[in-house]
Amino acid sequence: MRTFSADLPPEGHGPYRLMRGFGGPLVGRFLTSLDDPRAAQQRRLRVILNAARGSRFFAAHNLDAVQTLDDLRRTLPIRTYAQMSAWFDALANGQRDALTASPPSMLLETSGTTGTPKWLPVTRPWADSVADAQKLWLLAMVRDHEAVTRGKALTIVSPAEHARAPGGLPVGSNTGRMNRAQPWWLRMRYPVPYAAFGLKPSALKIYTLLRFALQQPITSITTANPSTVLLLARCLEAWKEDLAADLVDGTLKRGPAAEMDPRTRRSFYWSLRRRRPPKDWRMGHIWPLVLINCWKGGAARYFVERIPDALGRELPIREVGVTASEGYFAIPLGDDWPGGVLWTEGHIMEFVDVLTDDVCWAWELSPGRQYRMIITTEAGLFRYDLRDIIEVVGRCGQTPVIRFVGKAGRYLNATGEKVTEEQISTALRDAAAEVGVQPVGFTVRLRFHEIPIFVLAVEGELNHALIAAFDRHLRKINLEYEAKRESGRLGMVHGEQLRDGTYTRYRAARVAAGAPEGQIKDPILAISDEEWARIARASQG
């Protein structure tokens, strides 16, 4: 079992010392929690119960009787979003005290994988907890990379508000909410005007983002999905002539920006600067980049490994944490961390063993085992089934370090093989390296015949060698897949060529349909006809 260090001393370079000084009490609580996660979780229970006391949910479930974590488990069942939908609907329709006594300030929209978007409440205590976790992540990042403070931070977000719930609460994205909640001195490091993130269509937003970023010294790029970094690289290459002309003229009128509403263009006028265009349009040569921050777990690993080629040079890529719109659960404290240490001073976390269905507390987790996460938060989510699968990879003090594996239920299964997103991603990564190709994106689905087959759809170079290598590597990774292939119960993988730009159009279509752009993941699996139809439409253009 790997042992991780939480080294956040008072000493260090100037920017770190300043941040460490302001965050001293928070750092102290965090370090104490690492040595006694049980006590930390019991403290959080009192905070969360106080936040809920006086709410309709609190009264309906007799939560006055809950004093301990075990009481919580005995009093409430584990429930999914659908099973709590009546409470969420009541909140959206104006019943502000449905889940918490502290009134929600907004609703976060998360599209999940498919289906109707979920609306999740934001309360002040919940937002403070998430912000504390972010401060610890940022402190450790600055500790390791002083140079990030010498330039601008390109952070990709979605709008904090794009709709209103029937009861009047604003509805928006968590990334936008966090952006707007930052102190003014930190927002000054952002090179892109916030209004640019609300532009539509997606191509206009990305062009505008790149136009502003090109006039600043960018030292870090932060985005949830690593595929977004690859998208930016492709767009820079596709629009470099238009961007170059706009830089020379100090304008924003070419490429997709040619269709921008004139009033919107005028609103950006005073923020535009003339600059000499870069000679090399790879991001690692345009800017003095120090660091990329993004998800690295689960299926994201395939895209993470493509980032150095897109940048044109090697750079550290740092995990942003085990997070979701529902909260912040584990904090990475180093570039080489595969996940993060559980944030037990934040939300209450339980874990269902995927093999035995045993329900465990944080201090009861076993190294190497995988668990489904259950959370209780200050926003009124009580024993909420997050459907995220994590794996324990080590300890920091007495607290587990975990990595994200994937969503529960996200697998292809024709004959009992249960092939996961992570397994597909790993097999394609290894196959592409073996054959010497770099697909832009890929999606795998099942096609049912007398003998079912997996269909590998690829944007970019697709050949028989890649298909054969993918099948071979998948057989090594998943023993049930190997058994079904060997016995003839599954046929050989088939390949399908996707047109250039498929995944760019896919993302644009999801955004146009109302999905928060920061939450759109390139679909590694298509487990329903609806999911595949989206890819097929994007391929057709």
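Start with the largest nonpolar core of this predicted model. It has 83 residues. Select Phe-30, Ile-331, Phe-351, Phe-382 and Tyr-384, the residues with the most contacts inside this core. Then add helix H7, residues 124-144, which supplies the largest share of the core, 10 residues.

Next, keep Phe-351 selected and display its surroundings. Leaving aside neighbours within four places in sequence, Phe-351 is in contact with Leu-342, Asp-358, Val-359, Cys-360, Trp-361, Ala-362, Leu-365, Tyr-371, Arg-372, Met-373 and Ile-390.

Now move to another core, which lies apart from the one around Phe-351 and has 74 residues. To find this second core, select Leu-199, Leu-412, Phe-454 and Ala-469, which are among its members. In soluble globular proteins, nonpolar side chains tend to be buried together.

Turn to the sheet. Select strands E3, E2, E6 and E5; in that order they form an open sheet of four strands with mixed pairing. Which strands are at the edges? They are E3 (118-122) and E5 (163-164), each of which pairs on one side only. Zoom in on E5 and strand E6, residues 170-172: the two run antiparallel and are joined by two bridges. Here Ala-163 stands opposite Val-171 of E6.

From the other edge strand, E3, add helix H6, residues 85-92. This helix lies across E3 and strand E2 (106-110). The angle between H6 and E3 is about 65 degrees.

The next selection is Asn-179, placed in helix H8, residues 174-181. Is Asn-179 buried or exposed? Asn-179 counts as buried because its relative accessibility is 6%, below the 20% cut-off. Not counting residues up to four places away in sequence, Asn-179 touches Val-157, Arg-187, Tyr-190 and Tyr-194.

Finish with the cysteines. How many disulfides does the structure hold? It holds zero. Select Cys-235 and Cys-294 to see one case: Cys-294 has the cysteine sulfur closest to that of Cys-235, but the separation is 17 Å, so the two are too far apart for a bond, the cut-off being 2.5 Å between sulfur atoms. Cys-235 counts as buried because its relative accessibility is 7%. Select Cys-396 as well: at 2% relative accessibility, this residue also counts as buried.

How values were computed: Residues are numbered from 1 along each chain as its sequence is written. This is a predicted model: local features need pLDDT of at least 70, side-chain atom pairs count only at pLDDT 80 or more; totals for chains, interfaces and linings use all residues. Side-chain values use heavy atoms; hydrogens and water are left out. Two strands pair if DSSP finds at least two bridges between them. Contact means heavy atoms within 4.5 Å. Axes are lines fitted to C-alpha atoms, for helices over the stretch in contact, and angles run from 0 to 180 degrees between N-to-C directions. A nonpolar core is a set of buried Ala, Val, Leu, Ile, Met, Phe, Trp, Tyr and Cys residues joined through side-chain atoms within 4.5 Å. Buried means under 20% relative accessible area, exposed over 50%, partly exposed in between (1.4 Å probe, protein chains only).
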